[in-house]
Amino acid sequence: MRLSDRVTGLFMVALGGLAAYGGSRLPPVPGQQIGPDVFPLVVGIGLAICGGLIAFGVGRHYEEEAEADLAKITGQMATSIGEADEPLAWWWGLKALVPPALLLFYVVAVDRLGFLPTAAVMVLITSLALGARLRLAIAMAIGAPLFVNLVFLKLLRVPLPSGLLPLPWISLP
Amino acid sequence: MSTVIEAFSLVLQTDVLIAILLSSIYGLVVGSLPGLSATMATALLVPITFYLSPIAAVATIIAASAMAIFSGDIPGALLRIPGTPASAAYTDEAYAMTRKGQPELALGICVWFSALGGIAGTISLMALAPPLAEMALNFSTYEYFWLAFLGLMCATMVARSSPVKAVASMLIGLLVSCIGIENPAGTPRFTFGSTDLLGGIEPIPALVGVFAVSEVMRAMLTSEPPKLPYRRFGSILAGQLALTRKYVAPQVRGNIVGIIIGVLPGAGADMAAWVSYSMSKRFSKEPEKFGTGHPEGLIEAGASNNASLASGWVPSLLFGIPGDTITAIAIGVLYMKGLNPGPTLFTERASSMYALYIIFIIANIIMIPLGIAMIRIAALVLRAPRASVMPVIVLLCAVGSFATGNNLFAVVTVAAFGAIGYVMERNGYPVAAMVLGIVMGTMVEQSFVTSLIKSDGSILPFFSRPVASVLAAMTIAALFWPLGVWTWSRLRRHWPVK
């Protein structure tokens, strides 16, 4: 998700403006000049100014210098791996959203399904998305949750929900 | 003297020693896998440290981070892919040596001078911290405000990106720290009626998101690194003593630069390596050899990034201002373990501080044998496909952040900050600056607002106390330095000096 500086800069302006506005509406503390509104107001205004500068391309050349330095090393690396030598499908970029989506899935599902099934689904999908063969992915999906369960539930006593799979020998007594 | 003996007895506990050994192995493995950084290794350790004794908890962080910074050099030298960002500066040089048929020498330099650099950094920590603590005992909120402000400015100045974007990232971090009820007035801010947000955004899940989840997101879109061919190595340490004698000046320079960059808030090992490598090239008698497999730059930068690790603890322990992203996480652990950062740590918990120094020294000494073992089995470790490592990391992110408070909202925080960190990184906004803002936001606001309340709204006391005025001058200089340089270069261009 590479956006132009204009877009991200204007987003900063909007975010800073909203923060400053939201901050200014906070109720003051009676009898004191400095309330909870000062800090968000200052930070919000600062952010809006920075956003404006970014949108107009101030400081861009520092970034180009750093990128050129890095490209000397990673540039050759990327080509040697063979990255992006075939046209990519439109959904390719969306693959990056798999990890956060799986974490949200964990939040929604873990109490209902229990830890082991939820974790197995997460591992299976991540593994397949990274191009693993089905055999490795399934082996991982069985092994990794059991290992994490052992470490966190047995050794560290984190209350992981058992859900659909109430296995007495791997859950807390 | 009795404190030193007490410190030794604190370190020589079975649980501490086991913790050091296991976390060293963990650090070596994680650091050597490309795409998994030292900061990520530390972030994923945090939930484990909850269940350890305070000294063991700090020991795991110290050992794992030191090992990971060294072992990032291994794939750099053998595959030309830096294992951690801290190795990126000299990956080319190390790989050139491997191509010349000297992989043993390149890796030997990495392990030997990393260990020496780490020990030099530890000595700086031992020498710098106590006198600074003495001074800091007299600090009031005015000084703390300037110190925190100066720290935030440093973090934006040294970022390898546009300074404007760095400031913007830092302000976003400060804005994140505004969320919740934890402010001097105790008013809920930006909670949008959500009870989960009342408690604010916890720094640790946010850091796990930024450093671990966004790394997995990046892995989704890049292809797998090539496999490392198996090879037999000769003696790793052969010739290192001769190199140590030959390149004394670069080594000392690397250590000093590393220490200074480590002390600067927000700038850590990767910055130290970049600066040291380019400095080495500039001061070298044979700069034309750089890039062709010349050991000089490797020695200087390899020492520098490990030296910065220990000195990064100086501002963290004294003021709670993180010296780099690793100590940003460590501060959270220190608070949790009752070792609240501050100058009194050195007077009241002196034995714990000595224990910390001892752990640093131990970690850097065992780095040599463990590092050599790691180099020999690197081909085996690096054979693990990403598809088997990354899923475990996603799982650990979820379970680990849940374990920090037995609260599922932390997992939502991890997911959100993973996405935020990924988008910011892609668009050139340095995430380290945001992290610093999140960690230090409460401190900046607290010291600012308390100072203003104390002075009844007047800003005069911010400048009238002696130490505060010096700090203020430094901060203002830092603020206007880039502007001055820019104007000066403009003037020179328009009116060239005759």
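Colleague: In which helix of chain A does Leu134(A) have its place?

Modeller: Leu134(A) is in helix 6 of chain A, which covers residues 134–155. A helix here is a DSSP run of H or I with at least four residues, a strand is a run of E with at least two, and both are numbered from the N terminus. The model is a predicted one, in which local features need pLDDT of at least 70 and side-chain atom pairs count only at pLDDT 80 or more, while totals for chains, interfaces and linings use all residues. Residues are numbered from 1 along each chain as its sequence is written, and chains are lettered from A and ligands numbered from 1 in the order in which they are written.

Colleague: Is Leu134(A) buried or exposed?

Modeller: The class rests on a count of other C-beta atoms, placed from the backbone, within 10 Å of the residue's own: 20 or more is buried, 12 or fewer is exposed, and in between is partly exposed. Leu134(A) counts as exposed because it has 10 C-beta neighbours inside 10 Å. Between the C-alpha atoms of Leu134(A) and Leu124(A) the distance is 8.7 Å, at a separation of ten residues in sequence.

Colleague: What is the pattern of chain A along its sequence?

Modeller: Chain A reads α-α-α-α-α-α, with six helices and zero strands. Of its 173 residues, 31% count as buried. Two residues are in contact if their C-beta atoms, placed from the backbone, lie within 7 Å. Among contacts in chain A with a separation of 6 or more, 58% join residues 24 or more positions apart.

Colleague: What is the mean pLDDT of chain A?

Modeller: The pLDDT is the predictor's confidence in each residue, on a scale from 0 to 100. Chain A has a mean of 80, and 80% of its residues reach 70 or more. Over residues 76–85 of chain A the pLDDT is below 50, and this stretch has nine contacts in the model beyond near neighbours in sequence. Where pLDDT is low, the predicted coordinates should not be read in detail. Chain B averages 87, with 98% of the residues scoring at least 70. The model as a whole scores ipTM 0.86 and pTM 0.86.

Colleague: How many residues does each chain give to the contact between chain B and chain A?

Modeller: Chain B gives 67 residues and chain A gives 64. On the side of chain B that touches chain A, the helices that each supply at least two residues include helix 6 (91–99), helix 11 (203–221) and helix 20 (386–403). Helix 20 gives the most to this side, with 14 residues. By class, this side of chain B has 46 nonpolar, 13 polar and eight charged residues; Ala, Val, Leu, Ile, Met, Phe, Trp, Tyr, Cys and Pro count as nonpolar, Asp, Glu, Lys and Arg as charged, and the others, Gly among them, as polar.

Colleague: At roughly what angle do helix 4 of chain A and helix 20 of chain B cross?

Modeller: Two packed helices are described by the angle between their axes and the distance between the axes. Axes are lines fitted to C-alpha atoms, for helices over the stretch in contact, and angles run from 0 to 180 degrees between N-to-C directions. Helix 4 of chain A (residues 98–113) and helix 20 of chain B have axes that come within 10 Å and cross at roughly 45°. That makes helix 4 of chain A oblique to helix 20 of chain B; angles under 35 degrees count as roughly parallel, over 145 as roughly antiparallel, 65 to 115 as roughly perpendicular and the rest as oblique. The crossing is right-handed: the near helix is turned clockwise from the far one by less than a right angle, whereas an anticlockwise turn would be left-handed. Pro99(A), Leu102(A), Leu103(A) and Tyr106(A) meet Val394(B), Cys397(B) and Ala398(B). This contact has seven nonpolar, no polar and no charged residues.

Colleague: How is helix 4 of chain B oriented to helix 17 of chain B?

Modeller: The axes of helix 4 (residues 54–71) and helix 17 (residues 325–336) of chain B come within 10 Å and cross at roughly 170°. That makes the two helices roughly antiparallel. In this contact, Ala57(B), Val58(B), Ile61(B) and Ser65(B) meet Ile326(B), Ala330(B) and Val333(B).

Colleague: Where is Asn406(B) found?

Modeller: Asn406(B) is in the loop between helix 20 and helix 21 of chain B. Its phi is near 45°, a positive value in a residue other than glycine. Asn406(B) counts as exposed because it has 10 C-beta neighbours inside 10 Å. Phi of Phe190(B) is also near 45°, and Phe190(B) is partly exposed, with 19 other C-beta atoms within 10 Å.
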